Amino acid sequence: AIHKISCMPLGPKGNSYNLERKTQMVSDEALLNFTEWLLEKGLPFQEKVEIARLSYIKAGGCCRVLVKPSTEEQLTDLIKVLATRSLPFKIMGNLSNVLFRDGDIRTICISMRNLRALYFDNDGTVLAEAGVMLPVLTNKLVKSGYKGFSGLVGIPASIGGAVFMNASSYGDATSDQLVDVRCLDKDGNVH
């Protein structure tokens, strides 16, 4: 069994995948101040990113700011600053089961794709960050003789998305092997 999976974070109100449900816009001034903070802290980000180029179904508008933290510490600092400044944000995994609206997306987007640490302990514990791709993890587990993962091999989800939606196929479900999840709330607190 998987003993720990690190799934960071949940996003506003614990909901990270019902994106753009209500209009949340960030002013140009707030975006400028925020990108200055990102540059100061050395956090990788892109501006004016077409979501359709990243999305599994090739749909979605233009994200004004896409932040790409590569460590848990960067992600925690980022979420805390967003909360302090009351800036709305959305969490993005592999974008394989999410649909963004067309047009200008003025909510801060955070990509989990660079959070890909994956550890296997001798006691059978596996620790995977939210950006690890489910097929990568399940292929390694199946090849190592672990049971209960073969049905998940072809699902194009990240670990964060698989845990959030309880990815399941051919009788194997993420929750069947999941023992522990660590996540951030909308204020950057670890749970």
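The following exercises, each with a worked solution, concern a predicted model of a protein chain.

**Exercise 1. Describe the overall make-up of the protein chain.**

Solution. Begin with the secondary structure, which comprises 6 helices and 11 strands. Turn next to burial: 50% of the 191 residues count as buried. The accessible surface of the chain is about 9500 Å², and carbon and sulfur atoms account for 49% of that area. Finally, consider the contacts between residues at least 6 apart in sequence; 61% of these join residues at least 24 apart.

**Exercise 2. Check whether the span of helix H3 (residues 72–84) agrees with its number of residues, and state what surrounds its buried side.**

Solution. Step one is the expected span, for which 1.5 Å is multiplied by one less than the number of residues. Helix H3 has 13 residues, so the expected value is 18 Å. Step two is the comparison: the end C-alpha atoms of H3 lie 18 Å apart, in agreement with the expectation. Step three identifies the buried residues of H3, namely Gln74, Leu75, Thr76, Leu78, Ile79, Val81 and Leu82. Their cover includes helix H1 (28–41), strands S3 and S4, and strand S6 (108–111). Step four looks past the helix, where Ser86 follows H3 with a positive phi near 55°.

**Exercise 3. Determine whether Thr138 is buried or exposed, and list its contacts.**

Solution. First locate the residue: Thr138 belongs to helix H4 (residues 134–143). Its relative accessible area is 1%, and the cut-off for burial is under 20%; Thr138 is therefore buried. Next, examine its polar partner: the side chain of Thr138 reaches the backbone oxygen of Pro135 at 3.3 Å. Lastly, setting aside neighbours within four places in sequence, Thr138 is in contact with Phe149, Leu152 and Val153.

**Exercise 4. Place Ser96 in the chain and identify the residues that it meets.**

Solution. Ser96 sits in the loop between strand S4 (89–92) and strand S5 (104–105). Apart from neighbours within four places in sequence, Ser96 contacts Tyr56, Pro156 and Ala157. With Pro156 the detail is polar: a polar atom of the Ser96 side chain lies 2.7 Å from the backbone oxygen of Pro156. The C-alpha atoms of Ser96 and Ser158 are separated by 8.6 Å, although these residues are 62 apart along the chain.

**Exercise 5. Name the residues of the nonpolar surface patch that includes Tyr56.**

Solution. Tyr56, a contact of Ser96, forms this patch together with Ile57 and Leu99. The patch covers about 350 Å². Ile57 itself is found in the loop between helix H2 (51–54) and strand S3 (62–67).

Technical notes: Residues numbered from 1 in each chain as written. Predicted model: local features only at pLDDT ≥ 70, side-chain atom pairs only at ≥ 80, totals over all residues. Heavy atoms only, no water. Helix = DSSP H or I, 4+ residues; strand = E, 2+ residues; numbered from the N terminus. Contact = heavy atoms within 4.5 Å. Polar contact = N/O pair within 3.5 Å; in protein donor to acceptor, adjacent residues only side chain to side chain. Patch = residues over 30% accessible without salt bridge, like charges linked within 9 Å, V, L, I, M, F, W, Y side chains within 5 Å. Areas by Shrake-Rupley, 256 points an atom, 1.4 Å probe, with all protein chains shown as cover. Salt bridge = Lys/Arg side-chain N within 4 Å of Asp/Glu carboxyl O. Buried < 20%, exposed > 50% of the residue type's maximum accessible area, 1.4 Å probe, protein only.
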